[in-house]
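Subject: Handing over the structure

Hi,

Here is the structure I promised to pass on to you. Please have it open while you read the notes underneath.

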Amino acid sequence: MSICRMQNRTSLVLRHYLNCRSNATAAKSLVAGEPKAPSMVTNVPGPKSTKLLQELNTIQMAGSVQLFGDYKRSLGNYLVDADGNVILDLFTQISSIPLGYNHPTLVEAVASPEAISAMINRPALGMFPGEEWPSKLKNVLLDVAPVGLKQVTTMACGSCSNENAYKGIFFWYRLKQRKEQGIDVDKIPFTQEDMDSCMVNQPPGAPKLALLSFKGAFHGRTFGALATTHSKPIHKLDVPSFDWPVASFPHYKYPLQDNVAENKKEDDRCLEQVESLIEDWKNKNMPVAGIVVEPIQSEGGDHHASPEFFQRLQHIAKKSGAALLIDEVQTGGGSTGKIWCHEHFNLDSPPDVVTFSKKMSTGGFFHTPEMRPKQSYRIFNTWMGDPSKLLVLETVMKVIKRDSLLQNASTTGSMTLKGLEELQSEFPHLLNAARGRGTFIAINCPTTRLRDDILSRLRNKGVQLGGCGDIAIRMRPSLVYQPHHVHIFLDKFREVLKETK
Ligand code: PSZ
């Protein structure tokens, strides 16, 4: 098909959405033409989703599938499923859809010849990037880079962003060690022994070095990333792993203002563990080269830690000569009210590495100049990201600015949290520990069974949320979640709680 015909087809889709826009009834909605409320025709999964699930199951283990989407018909905050149910989606594909479904400005942007070319001519970015690539990186990614981190490498997903960032930390650490040993690294970057031993996975070429991570953390499922993931056994069972230290992550008591001293003690306990594990691994001759941490521990149950915890963690990292990697795969992209959650922490200096994916459309990591490998071709794979995703991100960032969506996340988030605090005082036997930053919000149930039951009944009333950890309900709405959606959500939630025996 010629590009011209493709454009004609694309413009049909575009016209459909622009029509929706002019027919808009919910004038205040950030996504024109969005449904006014959920509407359910079946329980979820309905008959069509169930049939599709059976079909998919003959091809692969599809036991984790909850429903099948009709993504052509979904719009804004509303996911339409294969059975025609219109669901208020406050989980957004595990926190990864920044502007909801079929946002008109995005539909328009991907109809451009530039976007079509990016979609069908995917380069191997490490070797043959398009001529526009350096300026795209500068104008899109570096424009929103965390302060002080002006180097960036793109990748395809969150796990591989962490995986490659970890390698960068090890390269940096070994270089530092060689310099400390007085080796002229410009003359002899690696010895023959290094090169021979790395080929059979032995030291000194494959050195004994560790990364410290936290209990309950999630950093991905690929081999290296999985060694730092500790949220559920099912992720890790039967996979060989590294002997790396794992420290406790704070579990606070809520409400925060009534538990200041106790939560401070919790910070102390966890940070003392970090320090003593670093010492233990040093004594094992496997020094800790880096500390890997989520700004809000998400998969593990939405555990928050104070800015002071992160400031002190960074001091410990610096004192021990380890790099600090902040994994913003789930928290990055605006839902906390800032593009990067760690901006809330007032760190003394930038973290060494920040990884991203999900809402950022492309995966990748920002890092300090010191973290840049001294040789090319060390952080590399075929695609190294995807330029078409950077085009999506470019438009997402424009809409975030144009529609003040960071401010929207802060105000809509506070409203939601206030509503959840009211619900937990009304139903203290069902809910506790409401917490959040922006719309990155969670609340606990007394048991896993009750949590899962509430989630499923809420979905049958047309609101999709997620679970995390053993007992938490989490919200991960898109950035176009607004006050009128908050009311719908809280009303449905109250109905479900009232019906809970
Ligand atoms: O079950 C899973 O595999 C899930 S459920 C949610 C995620 C993964 N999140 C992915 C994630 C993350 O939340 C953080 C903080 N770091 C890394 C990752 C891995 O990203 P992906 O899934 O893109 O590889």
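Below is what turned up, starting with the ligand and then moving through the fold. Please keep in mind that this is a predicted model.

**Around the ligand**

A good place to begin is the ligand and its neighbours. It is surrounded by 15 residues, and the closest are Gly158, Ser159, Arg221, Asp327 and Gln330. By class, that shell is made up of four nonpolar, six polar and five charged residues. Which element gives the most to the shell? That is helix α7, residues 158-180, with three residues.

Some contacts with the ligand are worth finding on screen:

- Arginine 221 has a polar side-chain atom 2.6 Å from an oxygen atom of the ligand.
- Glutamine 330 also places a polar side-chain atom by a ligand oxygen, here at 2.8 Å.
- Phenylalanine 218 takes part through its backbone: an N or O atom there lies 3.4 Å from a nitrogen atom of the ligand.

On its own, the ligand has 530 Å² of accessible area, and the protein covers 81% of that.

**The sheet**

Next comes the sheet. Seven strands make up an open sheet with mixed pairing, and their order is β3-β11-β10-β9-β6-β4-β5. At its edges are β3 (151-155) and β5 (246-247), each of which pairs on one side only. If you would like one pair to look at in detail, try β10 (residues 353-356) and β11 (residues 363-367): these strands run antiparallel and are joined by four bridges. Within that pair, valine 353 stands opposite histidine 367 of β11. As general background, strands of a sheet pair through backbone hydrogen bonds, either parallel or antiparallel.

**Salt bridges**

The whole structure contains 21 salt bridges. One of them links aspartate 143 to lysine 401, with the closest N and O atoms 3.0 Å apart. Aspartate 143 sits in the loop between α6 (133-141) and β3, while lysine 401 belongs to helix α13 (residues 387-402), so this pair ties together parts that are 258 residues apart in sequence.

**Backbone details**

A few places in the loops may catch your eye. Valine 44 and proline 45 are joined by a cis peptide bond, with omega at about 0°. Proline 45 is in the loop between α1 (3-22) and α2 (47-57). Another cis peptide bond joins proline 203 and proline 204, where omega is about 5°; proline 204 lies in the loop between α8 (192-198) and β4 (210-214). Then there is aspartate 238, which has a positive phi of about 75° although it is not a glycine. You will find aspartate 238 in the loop between α10 (233-236) and β5.

**On the surface**

Which residues form a nonpolar patch on the surface? They are Val110, Met119 and Ile120, and together they have about 260 Å² of accessible area. To locate the patch, look for methionine 119 in helix α5, residues 113-120.

That is the tour. Enjoy exploring the model!

Best wishes

Conventions:
Residues are numbered from 1 along each chain as its sequence is written. This is a predicted model: local features need pLDDT of at least 70, side-chain atom pairs count only at pLDDT 80 or more; totals for chains, interfaces and linings use all residues. Side-chain values use heavy atoms; hydrogens and water are left out. Patches are made of residues with over 30% relative accessible area and no salt bridge: like charges are joined within 9 Å, nonpolar side chains (Val, Leu, Ile, Met, Phe, Trp, Tyr) within 5 Å. Accessible areas come from the Shrake-Rupley method with a 1.4 Å probe; for residues, only the protein chains shown count as cover. A salt bridge is a side-chain nitrogen of Lys or Arg within 4 Å of a carboxyl oxygen of Asp or Glu. Helices (H or I, at least four residues) and strands (E, at least two) are DSSP runs, numbered from the N terminus. A residue is near a molecule or strand if one of its heavy atoms lies within 4 Å of it. A polar contact is a pair of N or O atoms within 3.5 Å; within protein, one must be able to donate a hydrogen and the other to accept it, and residues adjacent in sequence count only if both atoms are side-chain atoms. Ala, Val, Leu, Ile, Met, Phe, Trp, Tyr, Cys and Pro count as nonpolar, Asp, Glu, Lys and Arg as charged, and the others, Gly among them, as polar. Two strands pair if DSSP finds at least two bridges between them.
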